[in-house]
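The following questions and answers go through one protein chain. Each answer works towards a value or a name.

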Amino acid sequence: MTTGDDAALLEELRAMWTTYDPPPPDLIPTMIAVVAAVDLDAEWELLVLVRDSADEPAAQVRGLGTSRILYFTAAEGWSLDAELDGGQVRGQLLDFDRDLGSVEVVVETTDGQSWTTGLDEVGFFAIAAEPTGSIRFTVRYRRRAISSRWVEL
């Protein structure tokens, strides 16, 4: 909260700065563009959920039908299939043209649980975990990490 003296002092300082060191004319649009672009790379690198078996009718097959299938794509052209079923999270990284040995897949929950595993030579992974609540997948390789948005189970 400012008093009348503070407001007068701030106005005097503002007048001094605008008189003797005015901001560049394009400062405001430049700052708006910088702030708007801060998360652009992160948004671009998201794993996008393109298929969720929970949004589809149940398959007409025998069995318990308890698994949940999620399919994500990345802007770089590769994709991640994941199946959650009975204490197992299994899946495969597809069309990934880099070293599969350097990749880690992370499954996280909003309550702080996390499971990490590597891939085998053809891109498969398996984690003994039964996540609940909301989860997200992160694929890490080299110094990059690409995450999905949270998916409610």
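Q: How many residues apart in helix α1 are E11 and R14?
A: The model is predicted. The two residues are separated by about one helical turn of α1. Their side chains meet in a salt bridge, with N to O at 2.8 Å. E11 and R14 are three residues apart.

Q: Is E11 buried, partly exposed or exposed?
A: Buried means under 20% relative accessible area and exposed means over 50%, with partly exposed in between. The relative accessibility of E11 is 43%, and that of its partner R14 is 48%, which makes R14 partly exposed. By the same cut-offs E11 is partly exposed.

Q: Which residue of helix α1 belongs to a nonpolar surface patch and has a relative accessible area of 69%?
A: The patch is formed by L9, L10, L13, M16, W17 and Y20, with about 670 Å² of accessible area together. Helix α1 covers residues 4–20. A relative accessible area of 69% counts as exposed, and the residue with this value is Y20.

Q: What pattern does the protein follow along the sequence?
A: The protein has three helices and ten strands. Read along the sequence, the pattern is α-α-α-β-β-β-β-β-β-β-β-β-β.

Q: What percentage of the residues count as buried?
A: The protein has 153 residues and exposes about 10,400 Å², with carbon and sulfur atoms supplying 55% of that area. Among contacts between residues at least 6 apart in sequence, 47% join residues at least 24 apart. The share of residues that count as buried is 28%.

Q: Which residue forms a salt bridge with R144?
A: Side chains of opposite charge can pair when their charged atoms come close. Here the N to O distance is 2.5 Å, and the side chains that meet are those of R144 and E76. R144 lies in strand β9 (residues 144–147) and E76 in the loop between β2 (68–73) and β3 (79–85), so the pair ties together parts that are 68 residues apart in sequence. R144 is partly exposed at 29% relative accessibility, and the partner with a relative accessible area of 33% is E76.

Q: How many residues apart are R140 and E104, which form a salt bridge?
A: The closest N and O atoms of R140 and E104 are 3.6 Å apart. The pair links distant parts of the chain, R140 in strand β8 (residues 134–141) and E104 in strand β5 (residues 103–109). Their separation in sequence is 36 residues.

Q: Is E104 buried, partly exposed or exposed?
A: R140 has 37% relative accessibility and counts as partly exposed. For E104 the relative accessible area is 35%, so E104 is partly exposed.

Q: Which residues are joined into one network by salt bridges that share partners?
A: The count of salt bridges comes to eight. Where they share partners, they join E76, D97, R98 and R144.

Q: Which are the edge strands of the sheet with the order β1-β2-β3-β4-β7?
A: Five strands form this open sheet, and the pairing is antiparallel. Neighbouring strands are turned by 20 degrees against each other on average, direction ignored. An edge strand pairs on one side only, and the edge strands are β1 (48–52) and β7 (124–128).

Q: Which residues make up the uncovered face of β2?
A: In a regular strand the side chains alternate between the two faces of the sheet. The covered face of β2 has R68, L70 and F72. The uncovered face has I69, Y71 and T73.

Q: Which residue of β3 stands opposite Y71?
A: Strands β2 and β3 run antiparallel and are joined by six bridges. R68 stands opposite L84 in β3. The residue opposite Y71 is D81.

Q: Which residue takes a positive phi in the hairpin of β2 and β3?
A: The hairpin has five residues between the strands. The phi is near 105 degrees, and the residue is G77.

Q: Which residue of β2 stands opposite L49?
A: β1 and β2 pair in the antiparallel sense over four bridges. Opposite L49 stands F72.

Q: What is the relative accessible area of S148?
A: S148 is found in the loop between β9 and β10 (151–152). Leaving aside neighbours within four places in sequence, S148 is in contact with L46, L47, F72, R136 and F137. S148 is buried, and its relative accessible area is 2%.

How values were computed:
Residues are numbered from 1 along each chain as its sequence is written. This is a predicted model: local features need pLDDT of at least 70, side-chain atom pairs count only at pLDDT 80 or more; totals for chains, interfaces and linings use all residues. Side-chain values use heavy atoms; hydrogens and water are left out. Patches are made of residues with over 30% relative accessible area and no salt bridge: like charges are joined within 9 Å, nonpolar side chains (Val, Leu, Ile, Met, Phe, Trp, Tyr) within 5 Å. Accessible areas come from the Shrake-Rupley method with a 1.4 Å probe; for residues, only the protein chains shown count as cover. A salt bridge is a side-chain nitrogen of Lys or Arg within 4 Å of a carboxyl oxygen of Asp or Glu. Buried means under 20% relative accessible area, exposed over 50%, partly exposed in between (1.4 Å probe, protein chains only). Contact means heavy atoms within 4.5 Å. Two strands pair if DSSP finds at least two bridges between them. Axes are lines fitted to C-alpha atoms, for helices over the stretch in contact, and angles run from 0 to 180 degrees between N-to-C directions.
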